[in-house]
Amino acid sequence: MNRLAHETSPYLLQHADNPVDWWPWSAEAFDEARKRNVPVLLSVGYSSCHWCHVMAHESFEDEATAAHLNEHFVSVKVDREERPDVDAVYMEAVQAATGQGGWPMTVFLTPDAEPFYFGTYFPPEPRHGMPAFRQVLEGVRSAWTDRRDEVAEVAGKIVRDLAGREMSFGDERVPGEEELAGALLGLTREYDAARGGFGGAPKFPPSMVIEFLLRHHARTGSEGALQMAADTCERMARGGIYDQLGGGFARYSVDRDWVVPHFEKMLYDNALLCRVYAHLWRSTGSELARRVALETADFMVRELRTNEGGFASALDADSDDGTGKHVEGAYYVWTPEQLREVLGDDAELAAQYFGVTGEGTFEEGASVLQLPQQEGVFDAERIASIHERLLAARAERPAPGRDDKVVAAWNGLAVAALAETGAYLGRPDLVDAAIGAADLLVRLHMDDRARLARTSKDGQVGANAGVLEDYADVAEGFLALASVTGEGVWLEFAGFLLDHVIAQFTDSESGALYDTAADAEQLIRRPQDPTDNATPSGWSAAAGALLSYAAQTGAEPHRTAAERALGVVKALGPRAPRFIGWGLAVAEALLDGPREVAIVGPADDPATHALHRTALLGTAPGAVVAVGAPESDELPLLSGRPLVDGKPAAYVCRNFTCDAPTIDPDRLRAALSGGNG
């Protein structure tokens with residue numbers, strides 16, 4: 001009996017009709033394995049994962065394979081986005097055993113959840129040195145039946161090895177100038193000066209590293225840091241990784257030149273990159289950065305916002321190519337012939353403008369649209385008309401599937417991005433969208449003790465508890481909203497969540513952070529990872545939110561917790577800067593103060609608005625902003641801050657020292673320009 005029909009995860013629901021007798025991750029599944037004396041097949045993936053779909057079609061929809069699984073295994077299906085803790089623990093085991101990992105992840109476990117054999121995708125027939133999935137199943141069944149002692153020994157050793165990998169916390173001291181300069185040097189060595197970005201193929205958008213580079217430039221004036229950030233952003237925005245028609249970014253580029261993306265679009269990438277481009281515009285005034293920030297924000301609101309006001313997780317890479325066959329990238333790519341069908345005489349201009357060639361840049365003569373650097377000037381009106389007609393024609397194609405699951409952490413990232421982009425660029429509708437998502441998180445994901453649920457779908461909250469990144473990223477979103485709106489309730493909600501971070505996720509002796517709460521389900525290991533991957537690690541995200549909250553409120557325990565958490569950045573920053581970019585960005589804020597800005601004045605006074613906007617556009621790393629009426633008790637930073645000569649005023653403080661208040665936006669701008677003082 002397949003037990004997935006009543007799950008909320010779109011990924012699990014994709015498998016609800018498989019002939020495999022799937023179980024969701026549960027104690028009952030392992031009890032069943034114990035009762036039947038069979039091993040557990042753990043299959044982990046996510047809804048927009050291309051190779052997960054391939055393996056599902058080849059193996060899990062196959063009656064003979066399913067019958068073999070049902071007879072000899074208990075099969076457990078996990079959505080890695082719903083249970084990042086389960087995914088992290090077993091992925092660590094896979095990587096330790098094989099030197100690599102990925103999804104789908106295929107792990108065989110004892111009924112005590114101890115892993116003993118690993119893999120990722122297995123084909124239905126042997127190919128490229130990989131055994132067939134049925135061969136793997138036969139081998140595991142044989143080992144379980146005939147060599148049980150050996151299996152138990154292997155499983156026990158793996159669990160002991162994982163326990164022995166308990167992380168050294170790093171350093172009790174916070175990172176300083178030396179570590180941040182060392183991190184910049186390390187990034188410079190790995191920088192691809194010809195193409196932007198870091199390392200080779202596949203190439204991922206380095207969102208968190210760019211945040212560090214922008215903050216480092218603001219604090220130190222380093223032109224090299226700004227150049228790497230700006231050039232990388234331009235190359236990505238001109239490449240195929242960016243949707244030149246509809247806005248928004250794909251997950252990564254399969255090549256070094258940002259030409260051919262892996263076409264799935266994730267909420268977290270787009271939230272992080274929207275914020276990055278808004279911050280780049282704030283630093284440089286770049287028109288390209290402004291356009292991309294707004295187009296990415298509009299993409300999220302248009303294509304990912306759910307009926308409840310939250311944001312869906314992802315759009316699939318695959319879609320129907322018009323023949324009933326699901327093909328990766330079918331929705332996005334164009335041939336010269338397709339351009340001619342839509343554009344007629346303008347097709348040649350469009351091909352030149354978007355880099356569409358006869359041989360193609362993707363598969364079967366199709367091209368991914370780009371904006372290659374070119375000589376000459378294009379007619380803006382003709383290009384706008386071409387853009388509009390191509391977008392309308394694309395809308396007639398079968399659209400990629402959407403994973404409607406609302407993940408708390410990623411919605412927190414979206415709230416921060418939309419709130420700031422809307423405030424910077426005069427788009428109150430984007431701020432409203434951020435408020436709508438934040439409201440959903442409070443109403444649906446937070447219980448009466450301010451504990452977070454990881455996911456919801458269609459207004460129904462999921463059963464899985466929030467992990468550290470959920471608490472940290474949602475708090476980050478609420479803190480951004482507090483700065484943009486001046487509404488103290490968002491600061492209050494952030495405080496509730498960060499109190500849980502200190503009480504439930506922090507080692508009281510070392511200050512190290514765990515990814516799961518102290519009272520969460522006990523797995524074979526309590527996951528703990530400070531490195532940034534596709535999103536900021538829960539560890540560095542928590543450090544950032546704790547630091548901002550302390551700056552807004554003066555809460556010493558939160559400041560102390562942030563500083564203790566940043567010890568790991570002192571250890572890892574110079575050695576692996578690409579993988580702790582957000583931690584480095586938080587360290588920049590710590591070195592700068594961060595600065596605390598209070599704007600007092602009537603809400604309807606244009607002078608108040610001018611000072612507030614100037615404060616939000618300040619580039620000082622991690623600066624926090626409070627705005628409100630004089631004598632307001634809405635936000636702690638407003639306390640004791642009167643008007644100056646009856647006029648709206650700005651107060652700037654850092655490290656327990658305050659500048660004289662000012663009523664002049666230009667003076668405020670100078671005080672928040674980064675490296676002064």
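**Exercise 1. Describe the surroundings of Arg 34, beginning with the element in which Arg 34 lies.**

Step 1. Arg 34 lies in helix α2, where helices (H or I, at least four residues) and strands (E, at least two) are DSSP runs, numbered from the N terminus. The model is a predicted one, in which local features need pLDDT of at least 70 and side-chain atom pairs count only at pLDDT 80 or more, while totals for chains, interfaces and linings use all residues. Residues are numbered from 1 along each chain as its sequence is written, and side-chain values use heavy atoms, with hydrogens and water left out.

Step 2. The relative accessible area of Arg 34 is 41%, and Arg 34 is therefore partly exposed, given that buried means under 20% relative accessible area, exposed over 50%, and partly exposed in between (1.4 Å probe, protein chains only).

Step 3. If neighbours within four places in sequence are left aside, Arg 34 is in contact (heavy atoms within 4.5 Å) with Pro 111 and Asp 112. The C-alpha atoms of Arg 34 and Thr 110 are separated by 8.5 Å, although these residues are 76 residues apart along the chain.

**Exercise 2. Work out which residues of helix α2 are buried and which strands help to cover them.**

Step 1. Helix α2 spans residues 27-36, and Ala 29, Phe 30, Glu 32 and Ala 33 are buried in it. These residues are on the same side of α2 because they cover an arc of only 150° around the axis, the arc being that of the directions from the helix axis to the C-beta atoms.

Step 2. The face turned away from this buried side carries the exposed residues Ala 27 and Lys 35.

Step 3. The cover over the buried residues of α2 includes the strands β1 (22-24), β2 (40-45), β3 (74-79) and β4 (105-109).

Step 4. Just after α2 comes Asn 37, which takes a positive phi of about 60°.

**Exercise 3. Decide how the radius of gyration of the protein agrees with that of a compact globule.**

Step 1. The protein has 25 helices and 19 strands, and buried residues make up 59% of its 677 residues.

Step 2. The radius of gyration is taken over C-alpha atoms, and the globule rule is 2.2 Å times the number of residues to the power 0.38. For 677 residues a compact globule would have a radius near 26 Å, and the protein has 26 Å, so the values agree.

Step 3. Taken along the principal axes, the box filled by the C-alpha atoms is roughly 85 × 70 × 45 Å.

Step 4. Among contacts between residues at least 6 apart in sequence, 69% join residues at least 24 apart.
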